[in-house]
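Trainee: Hey, got a minute to look at a protein with me? I'd like to go through it bit by bit.

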Amino acid sequence: MSRKCQVTGAEPSFGNAVSHSHRRTRRRWNVNVTSKRYWVPSLRRHITLRVSARGIKTIDQRGIEAVVADLLARGEKF
């Protein structure tokens, strides 16, 4: 599975690691993604989402029902 947040769509970004002598090598900044289980009353079941820390804050702010409605409209599977 890719390191992508299902709620915010955040993906890893890429850049250069620059050493003291200014040699550049490619590196990536991963998203802080974790699997989290939520109870959705409208579906009457638990769903497991791969969400970032910002995605968890979004769910706390908007509510799981609104976020799941957006995911279903987007065609996400969970």
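Mentor: Sure, let's start with a word we'll need: buried means under 20% relative accessible area, while exposed means over 50%. Keep in mind too that this is a predicted model.

Trainee: Okay, let's try it out. Is Ser52 buried or exposed?

Mentor: Ser52 has a relative accessible area of 5%. The cut-off for buried is under 20%, so Ser52 counts as buried.

Trainee: And where does Ser52 sit?

Mentor: Ser52 belongs to strand β4.

Trainee: Which residues is Ser52 in contact with, leaving aside its neighbours within four places in sequence?

Mentor: With those neighbours set aside, Ser52 touches Cys5, Thr8, Val31, Asn32 and Val33.

Trainee: Cool. How do β3 and β4 pair?

Mentor: They run antiparallel, with 8 bridges between them. β3 covers residues 33-40 and β4 covers residues 45-52. As one example of who faces whom, Thr34 stands opposite Val51 in β4.

Trainee: What links the two strands?

Mentor: They make a hairpin, with 4 residues between β3 and β4. In that turn, Arg44 has a positive phi of about 55 degrees.

Trainee: Switching topic: what about Ala73, buried or exposed?

Mentor: Ala73 is exposed, at a relative accessible area of 71%. You'll find Ala73 in helix α2, which spans residues 64-74.

Trainee: How far is Ala73 from His20?

Mentor: Their C-alpha atoms are 48 Å apart, and the two residues are separated by 53 residues along the chain.

Trainee: Let's zoom out, then. In what order do the elements run?

Mentor: Starting at the N terminus, you get β-β-β-β-α-α. The count is 2 helices and 4 strands.

Trainee: Is the whole thing a compact globule or more spread out?

Mentor: More spread out, because the radius of gyration is 16 Å, well over the 12 Å that the globule rule gives for 78 residues. The C-alpha atoms fill a box of roughly 55 × 20 × 15 Å along the principal axes.

Trainee: How many of the residues count as buried?

Mentor: Of the 78 residues, 27% do. The protein exposes about 5800 Å², and carbon and sulfur atoms supply 48% of that.

Trainee: Last one: how many positive and negative side chains are there?

Mentor: There are 17 positive and 5 negative ones, and the centres of the two sets lie 11 Å apart.

Technical notes. Residues are numbered from 1 along each chain as its sequence is written. This is a predicted model: local features need pLDDT of at least 70, side-chain atom pairs count only at pLDDT 80 or more; totals for chains, interfaces and linings use all residues. Side-chain values use heavy atoms; hydrogens and water are left out. Two strands pair if DSSP finds at least two bridges between them. The radius of gyration is taken over C-alpha atoms; the globule rule is 2.2 Å times the number of residues to the power 0.38. Buried means under 20% relative accessible area, exposed over 50%, partly exposed in between (1.4 Å probe, protein chains only). Accessible areas come from the Shrake-Rupley method with a 1.4 Å probe; for residues, only the protein chains shown count as cover. Lys and Arg count as positive and Asp and Glu as negative; His and the chain ends are not counted. The place of a charge is taken as NZ of Lys, CZ of Arg, CG of Asp or CD of Glu. Contact means heavy atoms within 4.5 Å.
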